Amino acid sequence: MKKTAQKTGGKNHGLAHLGGLTATQFMRTHWQKKPLLIRNAFPDFAGPLTKHEVLELAQREDAESRLIARSGKEWTLQHGPFTRRSFSAVKRAEWTVLIQDTQHFSGEAHDLLAYFNFIPHARVEDLMVSYAIPGAGVGPHVDTYDVFLLQGLGRRRWQISSQQDLRLKQGVPLKMLAHFRAEQELVLETGDMLYLPPGYAHNGIADSECLTWSVGFRAPSQQEVSIALLDYLRDEIAFGGQYRDPDLLPVAYPGEINAAMRRRFAGMFKEVVRATGSRAHQTRCLGRYLTDPKPHVFFDAPDAVLSMAAFRRAACRRGIMLDLKTRFLYADGLFFMNGGDVPIEVVDSRFLRPLADARTLTPHAVALVSRPSSFAALYGAYTNGYLHVG
């Protein structure tokens, strides 16, 4: 494993990778407020993957990758998977490869995210990596989410700006700012980290061949979550009743949706409004929505599936751990995994919350799960490839 800084402290202790700030101090002073540069945040940092491993990962079908190249004023964008020939084809241009969700493919990448466990798992999007040759970048842009930019191999020059002009350049395949004006310029070397809040314009240019790791955070729009709730209600709620108008009178204007009809429909709509305001419906909707895997994510069942009895014996001996791609969250005594409900009995919930928090469960904790239905839920997750023994 490549060497990283040791995790230290908690919310009331200074964290080395936050420049000695406590988690509370960082959240109050910087989170979604202002940038923070931390020199040597991760001493002797080499990164979870090497350059060659990153380029090999970009060739996998199950990895979400992009190849961005610039030749003069011309920009091109290609989506993976790629071949070695893909990289040779752009050798005369300044090019960079970006790969999302590296934590799905590397235990070390997954462990790197643990340094940010003071932020809810539900807010974490992914750990992206970008490999760039000297002079390459993706152009000046702005993100709608928080991001930590951690420098691995090489050096990258970051220009940042709090500008309000976010108009985009036309005729390019990227969301690139048309009028970027840098206010600060910072050169990050191996182990340095830069935090940027949402809406902060930035432009990263490789000073040398480099790998940059980006911890991005999920910030769905109101439109997205509203649609998710309406989709949930459509699938889960069956409303009773039917439109009736026994007091209907003859009308002079049959093409009109008159006031009386609108009032009757408004009464029906109130049931929908009451359903959207239900805390139980909102919690179930959010649990499923926030754990739903991305479209390109798939899980592999075990090659040789253990019986439930054998799984229980093995889990009580070796513990269990979530698959690197699994999203597992809980709220109000309910558990959600990879877009679905997990039927855990209330009496067992306190033993299984640590599985969502730490993504592993000790043999002792597994042995405390007492209800057959709770263990059956774990076994179902195991057979689907969502979690593993030991």
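Here a trainee and a mentor talk through a few labels used for this predicted model.

Trainee: Why is glutamine 151 called buried?

Mentor: Buried means under 20% relative accessible area. Glutamine 151 comes out at 0%, so it counts as buried. You'll find it in strand β6, residues 147-151.

Trainee: What makes the link between the side chain of glutamine 151 and leucine 153 a polar contact?

Mentor: The cut-off for a pair of N or O atoms is 3.5 Å. The glutamine 151 side chain reaches the backbone oxygen of leucine 153 at 2.9 Å, so the pair falls within the cut-off.

Trainee: And which residues does glutamine 151 touch, leaving out those up to four places away in sequence?

Mentor: Among them are Phe45, Arg156, Leu188, Glu189, Cys210 and Thr212. Touching here takes heavy atoms within 4.5 Å.

Trainee: Okay, serine 71 next. Why is it called partly exposed?

Mentor: Under 20% would be buried and over 50% exposed, with partly exposed in between. Serine 71 has a relative accessible area of 46%, so it gets the label partly exposed. This serine lies in strand β2, residues 65-71. Its C-alpha atom is 7.6 Å from that of arginine 92, and the two residues are 21 apart along the chain.

Trainee: What makes strand β5 mostly covered?

Mentor: Just look at the count: of the nine residues in β5 (124-132), eight are buried. Each of those eight is under 20% relative accessible area.

Trainee: How do you know that β5 pairs with β4 and with β11?

Mentor: Pairing takes at least two bridges. Between β4 (residues 94-99) and β5 there are four, in the antiparallel sense. Between β5 and β11 (residues 210-217) there are eight, antiparallel again. If you want residues to click on, threonine 96 has alanine 132 in β5 as its bridge partner, and methionine 128 has serine 214 in β11.

Trainee: There's also an open sheet, β16-β12-β17. Why are β16 and β17 called edge strands?

Mentor: The three strands pair antiparallel in that order. β16 (360-361) and β17 (387-389) each pair on one side only, and that makes them the edges.

Trainee: How many bridges join β12 to β16?

Mentor: Two, with the strands running antiparallel. At least two are needed, so β12 (residues 320-322) and β16 count as paired. Isoleucine 320 stands opposite leucine 361 in β16.

Trainee: Which helix packs on that sheet?

Mentor: Helix α8, residues 308-318, touches β12 and β17. Its direction makes about 75 degrees with that of β17.

Definitions and conventions. Residues numbered from 1 in each chain as written. Predicted model: local features only at pLDDT ≥ 70, side-chain atom pairs only at ≥ 80, totals over all residues. Heavy atoms only, no water. Buried < 20%, exposed > 50% of the residue type's maximum accessible area, 1.4 Å probe, protein only. Polar contact = N/O pair within 3.5 Å; in protein donor to acceptor, adjacent residues only side chain to side chain. Axes fitted to C-alpha atoms, helices over the stretch in contact; angles between N-to-C directions.
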